[in-house]
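Biologist: I'm new to this one. Could you show it to me and let me ask how you know what you say?

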Amino acid sequence: MGADSGSGAAPGPAVPWRKVLWERQPFPDNYVDRRFLEELRRNEGLRQYRYWAVVQEAGLVAQQISCVALFLTLWLYMEQGLLSPSTLLWTGLLCALLGYGLYQALAPRGDSDNHHRTRWSDLQSASIFLSFTFGFSPVLRTLTESVCTDTVYAMTALMLLAHLVAFPYAQPSPPGSLSLNAALFASVCLASRLPGDLHTSGGLDSSSSPSSLHTFTMLCWALLVFALWPCLLQRLRDCAPWVFGCVCVLVGVCGVGGLGSLWPGGAVLLAALLGTVTLLCPLLLIRLQSDKDNIQGPWDEAEIQEDLTHFLH
Amino acid sequence: MVLKIFFPQCCNKADSGLLVGRWIPGQNSAVVLAVIHYPFIPGQVKQYIHQVECVCVSVNGKLVQQEKELKEDGGGEKGGTKRGGGEKEVEGEEGGGEKDKVIFIHYEQRKVMLSQLHPIDNGVPDPQTESQLPQVTTYVLSVFGTVCQSEPLFFLDKYDDGPVKMTHWQSEGREGSIIVELMKQASTPVCLLTTWMLTLWTSLCSSRILNMRPMRFISSKLSTCLQLSYRTEHLQTVCSPTRATAHNHFMRKANIFVSFFVDVSLGLLLVSWMYRENRIGKLANTLVPAADHVAKELEELLQWLMGAPAGLKMNRALDQVLGRFFLYHIHLWISYIHLMSPFIEMILWYVGLSACLGLTFALSLLSDITALLTFHIYCFYVYGARLYCMTVYGLSSLWRLFRGKKWNVLRQRVDSCSYDLDQLFIGTLLFTILLFLLPTTALYYLVFTLLRLVVVMFQGVLHLSVDFINSFPLFAMGLRLFRSYRLAEGVKFRVLCEEPGTPLHLMMDINPLKVSSVVQTYRTPTYSCYPKDSWLALCKKLFLGELIYPWRHKTTKID
């Protein structure tokens, strides 16, 4: 046995080699025959991507980036005093109402009883949001008073990045915990850095804290942009996919435009980023598919293909 | 087989006579206890031996001085003759004239009689366990036991007119002392009186009035009351009219008595020193200004915290709230102290008298007074710790919500959870708030915990010294220093005479117990006041903000 028969050299006797472990065979333990690796499968289940389908999906990512950019634009407007908080607040409430109406209009045909119930619970949720936000605003506005501005900006950037990374792009409707929380944390940090109303804070204060209205407005808009807008987007995607594409493009354009009104360089950068994400990255994905080299075989873990829920009854 | 004979030293110079002793069968040895001199009547000797009811004592052989013939009977199993004095020879009966080896082991009968052997079991000396001891230890134990149990044999001395004349360690005359006899006579009525008084005292203490909830709670917190109950128990042990039979019991009683005596004398010394030049008055007069000074220091500390302490960035609003809250407390405390100030001297005068009961009481009183005077620091610590604890728990729970997870109480693990929108929203707001308020609460907690730890360390030192006084076995230590043969760890042998052709002579000396073993064996068990948490557990508790009580008293061990 051992040394004289090498791998692949069939020994003289007519006993064929069988791939079994329980039988003592006149072959060494590491012997393999011609059929070695014939069960190897390469790149099984490789998906064939089509360019425009991928672009459409990537549009959601670009849309989300533009949302963040829009939010930052609003904050910049308030910080530089170009927009008063009350204006923004009413605008926000109006948008919320409009969006809600659209949401209900696009709802799938269910029973009306369900509608009434959900409307009541929606009203409850809205009142909880508003009351809590209004109640916590005085606390929130002085929260980061003693923290250095650079630290606040760094934290905000980190949190918004976490939001973008953790966003549930496949199904935006129930918002992911981490993404929503990161976005809200970032908005609280930004809200505490808004310039204050000189009448509300004492005139001799060197650090002017923002008024409660500023903070309230900021938080309401954060809620709108990060929590409620993805729900509407999901509805749109389900009901009218072509409208969804237009909406993404619209949002992108608004984002770039809004940023451009304050900071043209930023707008250029944003446009470049959006273009890369939407057009270049799908191209890369499709090109690199040809370099894929996955192997599957009988050594993989077994996957249960059938539905086991019938065992639960 | 080697024959070993234990021979008392006092009988070396005795006249010739019969050897009386015990044969230890398994070890091929005999322990000689006494020599009965000629002339004697064998019948009377036998009667006498039965009379004194010794265990297994029988006539072993004959001592013949200067002509050197010892006849050995040995329970009829073996025979042999020995020659005493300069040369000793052995002839064996069996084996056709073979010479058996004999070893004479001399021992001091008085010392062996009075000593208590502590066989070492797994490195721990314990005078009680006899099971699973190595064979040599049981051998030595049986030798010692033989001598101890033959006490009735040693009652007759040479001045008694009895039927037999013996030589043993007491034959020169029994030891006695008038003082000891008088104390023994007086001890019984004193013990009865003390026991009666103690019963009265304990029944008073367990009466219904004193057993109500608030009184019981207060008395469980004050260490003076604890020490009082503990001493009562001790006294009950000492003054019980039954005589101590076991060695352990006797040592325990003696230790308690001696330490109580030393404690009371030190306490009386302290009282006489304190009351001599009106030192108590001076102490009372400095107490109130000291409390004032502590309060002023605390106020300054809080003002510093309310600013920017050590350059740290505090949340201004919360800072102000907490600082004002604590300042108000200090104001209340100072008013209370000023209210009490006229009565302090009188209270201190009467309370100081209770130091007569012992130095331990004085120390416990000092610890209690410290606790009462620093009560505000304790309160601040509790407030700060609770606030910090809530913050930490809230933060950890909300951090799990931030990541979309939740704590599964049933499985004791972290699981994922899909939250509602409003839950997420409110959770994030609260998380942000708590996170930014954490440095402020943490700083207040740190400051007050440090203050509390200082007070606790001081109290701990006092409690440890009280514990030391209570539990140190003074009597056993005295015995070890002055009568070291009474506490024996083992025996050692010295060669007296080793010449070829004569039997070997050895001297058996008693190896006294090591000092550390004495302390370990005879420590009076107390309500051990050692820290109940290891350092790691303590640090973990401090980090999480749980309240720490490092010097918890264990309940008194019932032995």
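Modeller: Happy to. Arg237(A) lies over the face of Phe244(A), 5.7 Å from the ring centre.

Biologist: What makes Arg237(A) count as lying over the face of Phe244(A)?

Modeller: A charge sits over a ring if NZ of Lys or CZ of Arg is within 6 Å of the ring centre and within 35 degrees of the ring normal. Arg237(A) is at 5.7 Å from the centre, so the distance fits. Another case is Arg235(A), which lies over the face of Tyr103(A) at 4.1 Å from the ring centre.

Biologist: Some ground rules before we go on?

Modeller: This is a predicted model, where local features need pLDDT of at least 70 and side-chain atom pairs count only at pLDDT 80 or more, while totals for chains, interfaces and linings use all residues. Residues are numbered from 1 along each chain as its sequence is written, chains are lettered from A and ligands numbered from 1 in the order in which they are written, and side-chain values use heavy atoms, with hydrogens and water left out.

Biologist: How many aromatic pairs does a search of the whole structure find?

Modeller: It finds 31 over all chains. One of them joins Phe325(B) and Tyr383(B), and that pair is tilted.

Biologist: Why is the pair of Phe325(B) and Tyr383(B) called tilted?

Modeller: Rings of Phe, Tyr and Trp (its six-membered ring) pair if their centres lie within 6.5 Å; planes under 30 degrees apart count as stacked, over 60 as edge-to-face and the rest as tilted. Here the centres are 5.4 Å apart and the planes make 55°, so the rings pair and the pair is tilted. Phe325(B) lies in helix 9 (residues 316-353) of chain B and Tyr383(B) in helix 11 (residues 375-403), so the pair ties together parts 58 residues apart in sequence. Helices (H or I, at least four residues) and strands (E, at least two) are DSSP runs, numbered from the N terminus.

Biologist: Is Phe325(B) buried or exposed?

Modeller: Neither: at 38% relative accessibility, Phe325(B) counts as partly exposed. Buried means under 20% relative accessible area, exposed over 50%, partly exposed in between (1.4 Å probe, protein chains only). Tyr383(B), at 32%, is partly exposed too. Both rings belong to a cluster linked by ring pairs, with Phe326(B), Phe380(B), Tyr444(B) and Phe448(B).

Biologist: What makes Ser471(B) count as buried?

Modeller: Its relative accessibility is 6%, and buried means under 20%, so Ser471(B) qualifies. Ser471(B) lies in helix 12 (residues 421-471) of chain B. Leaving aside its neighbours within four places in sequence, Ser471(B) is in contact (heavy atoms within 4.5 Å) with Arg523(B), Thr524(B) and Thr526(B).

Biologist: Where does helix 4 of chain B bend?

Modeller: At Ser187(B), by about 35°, and a proline, Pro189(B), follows within four residues. The bend is the angle between axes fitted to the seven residues ending at a residue and the seven starting there. In helix 4 of chain B, Cys191(B), Thr194(B) and Leu198(B) are buried, and the buried residues of that helix pack against helix 6 (223-238) of chain B.

Biologist: What is the phi of Gln412(B)?

Modeller: About 55°, a positive value although Gln412(B) is not a glycine. Most residues other than glycine have a negative phi. Gln412(B) is found in the loop between strand 13 (405-408) and strand 14 (413-416) of chain B. With a relative accessible area of 52%, Gln412(B) is over the 50% mark and therefore exposed.
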